[in-house]
Amino acid sequence: MSYLHLSFYSAFTLSSLGLAFHRTHLISALLCLESMMLSMYVALTMWPIQTQTPSFTLLPIIMLTFSACEASTGLALLVASTRTHGSDHLHNFNLLRC
């Protein structure tokens, strides 16, 4: 395994562990999701270079588009939940109570 693969796998693993264990604020969960998407984007961008394929793949651009949509939706939810609940603590949110 090359150092490039190791760095992408470790970045994805660390961000997923951060999402699993450090869930106090909504903004920290959103940042962990964005770092997971960023590591996947960089890995998908470097994949054709490492396999030495001459064709340009469209998958990283589509994934970057979905990542931007996910970020904007997450920030809109963050603003809406902060206005209604007063903070972005995840333990304050109860999905059963509207």
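Threonine 45 sits somewhere between inside and outside in this predicted model: with a relative accessibility of 32%, threonine 45 counts as partly exposed, because buried means under 20% and exposed means over 50%. The residue belongs to helix α2. Its side chain has a polar atom 2.7 Å from the backbone oxygen of tyrosine 41. A look across to serine 15 gives a feel for distances here: threonine 45 and serine 15 are 30 residues apart along the chain, and their C-alpha atoms are separated by 19 Å.

Serine 15 leads on to helix α1. Which residues of α1 are buried? They are Phe8, Ser15 and Gly18. These residues cover an arc of only 100 degrees around the axis, which puts them on the same side of α1. And what do the buried residues of α1 pack against? Their partner is α2, made up of residues 26-51, the helix that also holds threonine 45. The face of α1 turned away from the buried side is another story, as it carries the exposed residues Tyr3 and Phe21.

The length of α1 can be checked with a little arithmetic. Helix α1 runs over residues 3-21, which is 19 residues, and at 1.5 Å a residue it should span 27 Å. In the model the end C-alpha atoms of α1 are 26 Å apart, so the two values agree.

Now for the chain as a whole. How many helices and strands does it have? There are 3 helices and 0 strands, and reading along the sequence gives the pattern α-α-α. The radius of gyration is 17 Å, well over the 13 Å that the globule rule gives for 98 residues, so the chain is more spread out than a compact globule. The box filled by the C-alpha atoms, taken along the principal axes, comes out at roughly 50 × 25 × 20 Å. Buried residues account for 19% of the 98 residues. As for contacts between residues at least 6 apart in sequence, 58% of them join residues at least 24 apart.

The database record can be laid alongside the model. An unreviewed UniProt entry lists residues 6-22, 29-49 and 61-80 under "transmembrane region". Two of these spans can be described from the model. Residues 6-22 are 94% helix and 0% strand, with end C-alpha atoms 23 Å apart. Residues 61-80 are 100% helix and 0% strand, and the C-alpha atoms at the ends of that span lie 29 Å apart.

Key. Residues numbered from 1 in each chain as written. Predicted model: local features only at pLDDT ≥ 70, side-chain atom pairs only at ≥ 80, totals over all residues. Heavy atoms only, no water. Helix = DSSP H or I, 4+ residues; strand = E, 2+ residues; numbered from the N terminus. Expected span 1.5 Å × (residues − 1). Buried < 20%, exposed > 50% of the residue type's maximum accessible area, 1.4 Å probe, protein only. Arc of directions from axis to C-beta. Contact = heavy atoms within 4.5 Å. Polar contact = N/O pair within 3.5 Å; in protein donor to acceptor, adjacent residues only side chain to side chain. UniProt positions renumbered as here; feature names shortened; annotations may be inferred. Rg over C-alpha atoms; globule rule 2.2 N^0.38 Å.
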